[in-house]
Amino acid sequence: MHGALQTHLQRLLAYHGWAYARLLTALNTLDEAQYRAPCGLFFGSIHGTLNHLAVVDRIWLARVRGEAPPFTQLDVEAVSERAAMESFLQVGVAAWHNQLDGLTDVELLTPIAYCNMAGEPFQRPLLDIVSHLVNHGTHHRGQITAALTALGQPAPKLDYIYALTELP
């Protein structure tokens, strides 16, 4: 049986995947030039921002697994093909679900040692790391929805509360 924290984190990760899927569906209205054009986002384009999210999701996963980082920069291109982005993001979310599956609340609260991109050591429990991961995704997805609006396209509703009506 899952504890309360396990249930909550799995729900946050389900939201993370749901929000990616809804956002990527909304981005289908854009042509390739709009998708890749610099639009004032921190990672330049919509593609650059999605790619950053894909990279960071995998970096954090490697950290909690005690593995070497799969990427050494936050803006390295992990997925060049637009059509492959959704799969890459969803595979990452599934890997997170699997990583947490079966962990107790005590394990989720136990600090994990890792190093940031500058090599500085930190310790944080999985509860904080997963909360950060999803919040980070929400931040950058919000930037992308602003870019959609600036391009005259409707932005999808990505609020967590809406996901709860659609998720099991």
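**Figure 1. Phe43 and its aromatic neighbour Phe42.** In this predicted model, Phe43 counts as buried, with a relative accessibility of 18%. Phe42, in contrast, counts as exposed, at 67% relative accessibility. What kind of aromatic pair do Phe42 and Phe43 form? Their arrangement is edge-to-face, with 75° between the planes and 5.0 Å from centre to centre. A pair of aromatic rings is described by just these two things, the distance of the centres and the angle of the planes. A search of the whole structure finds five aromatic pairs.

**Figure 2. An aromatic cluster of Tyr15, Trp18 and Tyr160.** Here we meet more rings. Which residues should you look for in this view? Tyr15, Trp18 and Tyr160 come together as one aromatic cluster.

**Figure 3. Arginines over aromatic rings: Arg58 with Phe88, and Arg63 with Trp60.** The charged end of Arg58 sits over the ring of Phe88, 3.8 Å from the ring centre. In the second example, the ring belongs to Trp60, and the charged end of Arg63 sits over it at 4.3 Å from its centre.

**Figure 4. A salt bridge between Glu166 and Arg22.** Side chains of opposite charge can pair when their charged atoms come close. The structure holds three salt bridges. In the one shown here, the closest N and O atoms of Glu166 and Arg22 are 3.3 Å apart. This pair links distant parts of the chain: Glu166 belongs to helix α7 (residues 160–166) and Arg22 to helix α1 (residues 4–27), with their positions 144 residues apart in the chain. Are these two residues buried, exposed or partly exposed? Glu166 is partly exposed, with a relative accessible area of 48%, and Arg22 is partly exposed too, with 28%.

**Figure 5. A salt-bridge network of Glu32, Arg36 and Arg82.** Let us begin inside one helix. Glu32 and Arg36 both lie in helix α2 (residues 32–36), four residues apart, which is about one turn of the helix. Their salt bridge brings the closest N and O atoms to 2.5 Å apart. Glu32 counts as partly exposed at 37% relative accessibility, and Arg36 counts as partly exposed at 31%. Glu32 also forms a salt bridge with Arg82, where the closest N and O atoms are 3.4 Å apart. Arg82 lies in helix α4 (residues 82–100) while Glu32 lies in helix α2, so this pair ties together parts that are 50 residues apart in sequence. Through shared partners, the salt bridges join Glu32, Arg36 and Arg82 into one network.

Definitions and conventions: Residues numbered from 1 in each chain as written. Predicted model: local features only at pLDDT ≥ 70, side-chain atom pairs only at ≥ 80, totals over all residues. Heavy atoms only, no water. Salt bridge = Lys/Arg side-chain N within 4 Å of Asp/Glu carboxyl O. Helix = DSSP H or I, 4+ residues; strand = E, 2+ residues; numbered from the N terminus. Buried < 20%, exposed > 50% of the residue type's maximum accessible area, 1.4 Å probe, protein only. Phe/Tyr/Trp six-rings, centres within 6.5 Å; stacked < 30°, edge-to-face > 60°. Lys NZ or Arg CZ within 6 Å of the ring centre and 35° of its normal.
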